[in-house]
Amino acid sequence: MGYADWINSIPKHVVSTTLHTDEMEWNARLITGNVTDKVAALKRQPGRDILMVGSGDLLNTLMQHDLVDEYRLMVHPVVQGSGKRLFEGANEPTTMDLVDTEAVGLGVFVLTYEPTTEDGE
């Protein structure tokens, strides 16, 4: 199965304050209202991982409510010099353990981190 087939086949949840339910296509459900409660409910359901792509604001909200189990950061060998910081809204320092690294080509690496637990394990 190719990436397009896979991404089209899995259920998607879209967090938005501007979209409406009738606009949802491509196997997606809209999340509005209390996002943290709804994401916590999704996490309690059986199934596979929940992946989040493309929203630093949502990431910061989920971090503040301890709803992130793993971070996969793609590091590209490019320096932009400006732009929005990934963890811009983090209120507290968050320590993480590096649990995996993968080179995916031409100097690009995927670094997988898990938040360090309170007891450091």
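**Entry 1: the pocket**

I started with the largest pocket and found 40 residues lining it, with Asp49, Ile50, Leu51, Met52 and Val53 nearest its centre. I noted that this is a predicted model, so everything below is read from a prediction. Which elements give two or more residues to the pocket's lining? I listed α1 (3–9), β1, α2, α3, β3 and β5. For the volume of this largest pocket I wrote down about 2,000 Å³.

**Entry 2: the core**

Next I looked up the largest nonpolar core, which has twelve residues. Its members are Ile31, Val35, Val39, Ala40, Leu42, Leu58, Leu59, Leu62, Met63, Leu67, Val68 and Tyr71. Two elements, α2 (35–44) and α3 (56–64), give two or more residues to this core.

**Entry 3: helix α3**

Helix α3 was my next stop. Which of its residues are buried? I found Leu58, Leu59, Asn60, Leu62 and Met63. I then asked what covers these buried residues, and the cover includes β1 (12–15), α2 and β3. Just after α3, I spotted Asp66 with a positive phi of about 55 degrees.

**Entry 4: two leucines side by side**

I picked Leu58 in helix α3 for a closer look. Is Leu58 buried or exposed? Its relative accessibility is 15%, and buried means under 20%, so Leu58 counts as buried. Setting aside neighbours within four places in sequence, I found Leu58 in contact with Val15, Val35 and Met52. I also checked Leu58 against Leu86: the two are 28 residues apart in sequence, and their C-alpha atoms are 11 Å apart in space.

Then I turned to Leu59. With neighbours within four places in sequence again left out, Leu59 is in contact with Met52, Val68, Tyr71, Leu86 and Phe87. I marked Met52 in my notes, as a contact of Leu58 and of Leu59, and as one of the residues nearest the centre of the largest pocket.

**Entry 5: the sheet**

Last, I traced the strands. Three of them form an open sheet in the order β3-β5-β4, with antiparallel pairing. Why does one side of β3 (71–75) and one side of β4 (96–105) lack a neighbour in the sheet? Both strands stand at the edges with a single partner strand each, so one side of each is left without a neighbour there. The twist from one strand to the next averages 20 degrees.

I followed the pairing of β3 with β5 (residues 108–115) and noted five bridges between these antiparallel strands. For one facing pair, I found Met74 opposite Val110 in β5.

Technical notes
Residues are numbered from 1 along each chain as its sequence is written. This is a predicted model: local features need pLDDT of at least 70, side-chain atom pairs count only at pLDDT 80 or more; totals for chains, interfaces and linings use all residues. Side-chain values use heavy atoms; hydrogens and water are left out. A nonpolar core is a set of buried Ala, Val, Leu, Ile, Met, Phe, Trp, Tyr and Cys residues joined through side-chain atoms within 4.5 Å. Buried means under 20% relative accessible area, exposed over 50%, partly exposed in between (1.4 Å probe, protein chains only). Helices (H or I, at least four residues) and strands (E, at least two) are DSSP runs, numbered from the N terminus. Contact means heavy atoms within 4.5 Å. Two strands pair if DSSP finds at least two bridges between them. Axes are lines fitted to C-alpha atoms, for helices over the stretch in contact, and angles run from 0 to 180 degrees between N-to-C directions. On a 1 Å grid over the protein atoms alone, a cavity is a set of points where a 1.4 Å probe fits but cannot get out, and a pocket is an open set with protein on both sides within 12 Å along at least five of seven lines; lining residues have an atom within 4 Å of a point. Grid points are joined across faces, edges and corners, and a volume is the space filled by probe spheres set on the points.
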